[in-house]
2 protein chains.
Amino acid sequence: MSAKTVEQRLNDYLVTGSKAERRIATFMLASIAELPFDTAASISKRIGVSEPTVGRFCRTLGYQNFKALKEDLQHDIGGGPWLLGDRLKEFHDRNKTGEDEPGRGLELEIASLVRIYELARTEQWARAVKKIARDRQVFIAGFQTERGLAHYFAHQLQYLRPNVHLVDIAGGNFSEALLNGEKSTALVIFEARRYSRLSESLAKSAKSRGIPLTLITDAYCDWGHDLADEMFVVRTEFDMFWDSTAHMANLSNLLINSVFKELGPQVEERLNAVTRLHGDFIGYVGEAARQDTKS
Amino acid sequence: MSAKTVEQRLNDYLVTGSKAERRIATFMLASIAELPFDTAASISKRIGVSEPTVGRFCRTLGYQNFKALKEDLQHDIGGGPWLLGDRLKEFHDRNKTGEDEPGRGLELEIASLVRIYELARTEQWARAVKKIARDRQVFIAGFQTERGLAHYFAHQLQYLRPNVHLVDIAGGNFSEALLNGEKSTALVIFEARRYSRLSESLAKSAKSRGIPLTLITDAYCDWGHDLADEMFVVRTEFDMFWDSTAHMANLSNLLINSVFKELGPQVEERLNAVTRLHGDFIGYVGEAARQDTKS
DNA sequence: TGTATTTTGTAATTTAAATTTCAGTTTGAC
DNA sequence: GTCAAACTGAAATTTAAATTACAAAATACA
């Protein structure tokens, strides 16, 4: 259904449409950013056409109604697909034509990525990066499904700095792991709704010990604000049969990248040392484990 | 009416509010850019509170209802771009003007996602899904950095079907793990350049035993084509200081979703059983670990 | 100009969203 | 532990939004 963006469709009707259609199209284009706050009724009143006409116009554009138009607007990346251009559009089309459709998901994932990159510019991001880069000890935690993500993050961080620990529940009481007497300790937790309670209790015991917490979670975590110093909320709903925490991995890597930048060139030495060490035991394919440092 | 912005008001209730209020506030803050497209009802459903509670909360904040809150949002978001298309554009532009520079990476990541969704429609994807869903035994492997990803994938797959094993190198020779006499065995490997040699040798020994291999890797894997039955290549270069394999997690979840669809509704029973089991041991937060099955 | 076609608005209907009432539950003070 | 106050959800009601049916107006064009 949707080869074109809302904007493009509207443009088509600026010329070819009937009088009322042109009026509606003009108005919508002029205030496209406010459309989500409007209704078919509010628009019709403002520009002096009847409400059904607005509805009909939306249908002419290919939407079921004004609400459907708004939804499309929500995921519309606009004139944006600069570098992916036709590939994305083509994909978008093919799947909106309705055959099978794992396509709404893609739009949602893109929106989530944008959000993550926005987070990376916040003040709290900078704060978290500084801690993760500089604090003497860093503990990483994640339970159930998120354990893999914690492991992934920890492993990469270990290339950049020493004293990175993956928190383990094995002992039954992980808080002891944190009770290491160090003043300068940071804790990072990967957490998602509906999974375990462990995260919350770990967070509590961290707070009681004065250990600052960076929490990576979803939009359903209602205890995070009390306990976390920084809280990064990623999207988890991508039109899949259950929530996906995969974007925590995307955030992770962006975070790792920021930590790298924070540490600066001095980190290279460690990077090489760790790479060599792994190589001794496991057998690398030969090249360095990293690319040339561009940043 | 607006001494404070919506955001500020919400922040006030993150800590002081009641449980439902905190939940609502958390959610609204996390998805403030999508709020205009929501209704009180849609929000209440997603976060598991009743519709009237959302309405009441808006009133507590000083608005007549959710709609009034949205209107205020329209005003105090004011300057900044909030439509997805505009936000993307902002990144693109800022990146061009060159001030600070995390912007190119976003475009690359989006392109990579598009590619992954394209992969999901290929014939080899369907083949891999069928095997992962139906074969008697499934082994998942990943070493070094990719071990976390393998763990992540395996853990989720375990919700959907039995006999999922994370391949462990601990014994020194994992091929024994695969030597289980089963005819119907599948192997999935997460692999990235420059890390370990283990993947290749595991793949070889799988091939010699006639075990089909699904390989998730980067563009630099030169042995995959010979040894893998299906090979999914994800992008790893996102303008970061080293390659990121995070998109393997995105692919993972799409794969899991496909497996779910392949298995059909019959899988629900297992899903609930596993969820309950985890709950018994660890203590879930109460709700089911999954959403309603839409697909 | 007259007629067929398209476009549009009015009023009634249907559908969706928000609100009220009230009863059950939780929370916190004692 | 007990009780009052505050909080929350289910069901019913009200209100707002969108759609339909149909008639009036505008337009195209012979």
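Colleague: How many disulfides does a search of the whole structure find?

Modeller: The search, run over all chains, finds zero. To be called a disulfide, a pair of cysteine sulfur atoms must lie within 2.5 Å, so zero disulfides means that no pair passed that test.
This is a predicted model, where local features need pLDDT of at least 70, side-chain atom pairs count only at pLDDT 80 or more, and totals for chains, interfaces and linings use all residues; side-chain values use heavy atoms, without hydrogens or water. Residues are numbered from 1 along each chain as its sequence is written, while chains are lettered from A and ligands numbered from 1 in the order in which they are written.

Colleague: Why is A:Cys221 called buried?

Modeller: Buried means under 20% relative accessible area, exposed over 50%, and partly exposed in between, using a 1.4 Å probe and protein chains only. A:Cys221 has 3%, so it is buried. B:Cys221 has 8%, so the word fits there too.

Colleague: What makes a residue one of those that surround DNA strand C?

Modeller: One of its heavy atoms must lie within 4 Å of the strand. There are 19 such residues, and A:Ser18, A:Ala20, A:Thr53, B:Glu51 and B:Asn65 are the closest. Of the strand's atoms within 4 Å of the protein, 59% belong to sugar or phosphate and the rest to bases.

Colleague: Which helix gives the most to that surface?

Modeller: That is α4(B), with four residues. Helices here are DSSP runs of H or I, at least four residues long, numbered from the N terminus.

Colleague: What makes B:Glu51 and DNA strand C a polar contact?

Modeller: The term needs a pair of N or O atoms within 3.5 Å; within protein, one must be able to donate a hydrogen and the other to accept it, and residues adjacent in sequence count only if both atoms are side-chain atoms. An N or O atom in the B:Glu51 side chain is 2.9 Å from a base nitrogen of the strand, so the pair qualifies. The side chain of B:Arg59 has an N or O atom 2.8 Å from a phosphate oxygen of DNA strand C.

Colleague: How do you know which side of α4(A) is buried?

Modeller: A:Thr53, A:Val54, A:Phe57, A:Cys58 and A:Leu61 are its buried residues. They cover an arc of only 140° around the axis, so they sit on the same side of α4(A); the arc is that of the directions from the helix axis to the C-beta atoms. The face turned away from this buried side of α4(A) carries the exposed A:Arg56 and A:Arg59.

Technical notes:
Helices (H or I, at least four residues) and strands (E, at least two) are DSSP runs, numbered from the N terminus.
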